[in-house]
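Biologist: Before we discuss any label attached to this model, could you take me through the reasoning behind each one, setting the value against the cut-off?

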Amino acid sequence: MRASGLSQSSPQPLSRVAPAPLQRGRSGEAWVLRALLAAGLVALAVIILLPLLSLLAQSVLDGQGRFVGASHFVAYFSTGRWSALWNSVALSAVSAVICVALAYGYAWALTHTALPAKGLWRALALLPLLAPSLLAAIGLVYAFGNQGLLKAAMQALGIASIYGPAGIVLGSVLWTFPHAMLILVTTLSSSDARTIEAARCLGAGGWRVFRTVTLPASRYGLLISLVVVFVLVLTDFGVPKVVGGQTAMLATDIYKEVVGQQRLDRGAVVALLLLLPALGAFVLEQRLRARQRAVLSLRAVPHVPAPHTARDLAALLYCALIAAALAGVFGIAVYASFAQYWPYQLAPTLAHYQFDMSDGGGWASYGNSLRLAGWTALAGTALSFLLAWLVDKSRGFVAARGVLNALATLPMAVPGLALGLGYILFFNAPWNPLRGWYGGLGLLVLCTVAHYYSVAHLTQLGALRQLDPEYERVAESLGLPFWTHLRRVHLPIAIPTLVQVAGYFFVSALTTVSAVVFLYSPDTTLAAIAVLAMDDAGDTAPAAAMATLLFVTAAVGRGVIGLVGHVLIQRTQRWRAR
């Protein structure tokens, strides 16, 4: 009877009956996506945009909040500070040219020769990534300073002192070398074997093939690496602070104006002067990357170099020389941290590792750095993955997603010193309800995440864009909500990238100086800041010891994260091996 009763009800088209729950579900998902996008925009506005706007406002307002135009800029340059701007730009350009030239030869040896033990040479070239730039500068002091082992050799080359332009260039080349090398290795690895073989078939020798085929094909990678190294040197604080001597630089000028004289308006002026060339270089780099992508061919054949004794031997000697210079400078600093009294009593001791006997916060600063690195890795990885997913995988809301992507890439063009000063002005403002965060570890985490956010965002975005859009279409056809699809599909597939990003955040937070140099309190002093304080106080050996500890911790931490990632990958990526 019930069946007959159901059969007697008026029939309704399936298209009107079935989709009703699905449409309601889709409407609910849309509201959740709106909320997530709004939360993402607010989060990036708070940690990136509003501090930068506060920095801009400080440069054109007086102490009472009245608009004064360019008067702060006029006052700054009236004191003869043009030399700081010129030195910063000129020394950054010289460092970039030298660094990229050396890195190009190294990358060419790794990709275009049958160099033995390529993994070893690559690993040695990447050593500076695990240490703050301060360690490279300290190594130069021990090697070429007033009591340096190689001071006579340096003077024989016509360099009177390591303290000044020569030290800034040498230190900058040392710590930026792996950045340029990685870009150039990627560029040269995409060389098309067909064009190289065609040139050889036409009778071209090795030099002519390099000059007419390899070098032109890598021109965009060369230009990009030049821009990247230029910005890194321009915005670095550690090297000019340790070996800059009396050479005026914008990065050290900010520190003097803010910390030394408490002139936030002058500091804002210098920060903007530092921001403008960095922003211009960022725009140039983005255009170069777009052109580089446009010249890639889907039909390209990877180049596999054949053994050639003379060429491979020359590449081996070149890589050995560069690696010895890198490892030597860092090795001297590490060894000096154990020496009793450099360079007279070189017997090993652990006295310099008694950090509680020196300025800088002692072992507590090292503990703060570990906490900062851990929380930055967790928060930065989670935030960058979620927001990259919203930018790439969510449907609709095109304008909001575009703004979110623009905010996420903005920190790439912002020097750490400028961002840190913006944090002072924004989070320490009397009207800001977040003022209580100032001086705490939470604010240091936010600033560090913001400082390194762009690279993480672009990495996550690149990984997500490799996934076939059919995944989303299948999930929609099955009626699965996006959060289920995100948890079951996107998140497991993205684990290798998440591990990579977590390691990047951990090492960066452990070694950063510029972004947090204005933000710490006596209770939140960091190890990298302690290195700076020890060096200022003349405790060079304890400074080297703390920098060495950071170096070892970064290497061990990166290894632990990689091991955890390997376990997770083995548990979630077994389907890839089938």
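Modeller: Let us begin with helix 12 in this predicted model: 13 of its 17 residues are buried, so helix 12 is largely enclosed by the rest of the structure.

Biologist: How do you know that helix 12 has the span expected of it?

Modeller: Helix 12 covers residues 219-235, and from its first C-alpha to its last it reaches 25 Å, which is close to the 24 Å expected at 1.5 Å a residue.

Biologist: What makes the contact between Lys 241 and Asp 536 a salt bridge?

Modeller: The rule asks for a side-chain nitrogen of Lys or Arg within 4 Å of a carboxyl oxygen of Asp or Glu, and the N to O distance between Lys 241 and Asp 536 is 2.6 Å, so the pair meets that rule. Lys 241 belongs to helix 13 (residues 238-243) and Asp 536 to helix 25 (residues 527-536), so the salt bridge ties together parts that are 295 residues apart in sequence.

Biologist: Why are Lys 241 and Asp 536 called partly exposed?

Modeller: Partly exposed is the class between the buried limit of under 20% and the exposed limit of over 50%; Lys 241 has a relative accessible area of 21%, while the value for Asp 536 is 44%, so both fall into that class.

Biologist: How many salt bridges does the rule give in total?

Modeller: The count comes to 2. Besides the pair just described, Asp 312 forms a salt bridge with Arg 311, where the closest N and O atoms are 3.1 Å apart, and here both Asp 312 and Arg 311 are buried.

Biologist: What makes Ala 117 stand out in its backbone geometry?

Modeller: Most residues other than glycine have a negative phi. Ala 117 is not a glycine, and yet its phi is positive, at about 55 degrees. Ala 117 is found in the loop between helix 5 (82-112) and helix 6 (118-125), and with a relative accessibility of 47% it counts as partly exposed.

Biologist: Why is the group of Val 552, Val 556, Val 560, Val 564 and Leu 568 called a nonpolar patch?

Modeller: A residue enters a patch with over 30% relative accessible area and no salt bridge, and nonpolar side chains are then joined within 5 Å. Val 552, at 43% relative accessibility, is partly exposed and so passes the area cut-off; Val 552 lies in helix 26 (residues 540-572). Together the five residues of the patch have about 400 Å² of accessible area.

Biologist: Which residues have the most contacts inside the largest nonpolar core?

Modeller: That core has 168 residues, and those with the most contacts inside it are Leu 44, Tyr 106, Phe 177, Leu 421, Tyr 423 and Phe 518. Helix 9 (residues 165-189) gives the most to this core, with 12 residues. Leaving aside neighbours within four places in sequence, Phe 518 is in contact with several residues, including Ile 254, Tyr 255, Val 258, Leu 417, Leu 421 and Tyr 438.

Biologist: What share of the protein counts as buried?

Modeller: Of its 578 residues, 50% count as buried. The protein exposes about 27,200 Å², and carbon and sulfur atoms supply 66% of that area.

Note on methods
Residues numbered from 1 in each chain as written. Predicted model: local features only at pLDDT ≥ 70, side-chain atom pairs only at ≥ 80, totals over all residues. Heavy atoms only, no water. Patch = residues over 30% accessible without salt bridge, like charges linked within 9 Å, V, L, I, M, F, W, Y side chains within 5 Å. Areas by Shrake-Rupley, 256 points an atom, 1.4 Å probe, with all protein chains shown as cover. Helix = DSSP H or I, 4+ residues; strand = E, 2+ residues; numbered from the N terminus. Buried < 20%, exposed > 50% of the residue type's maximum accessible area, 1.4 Å probe, protein only. Core = buried A, V, L, I, M, F, W, Y, C linked by side-chain atoms within 4.5 Å. Contact = heavy atoms within 4.5 Å. Expected span 1.5 Å × (residues − 1).
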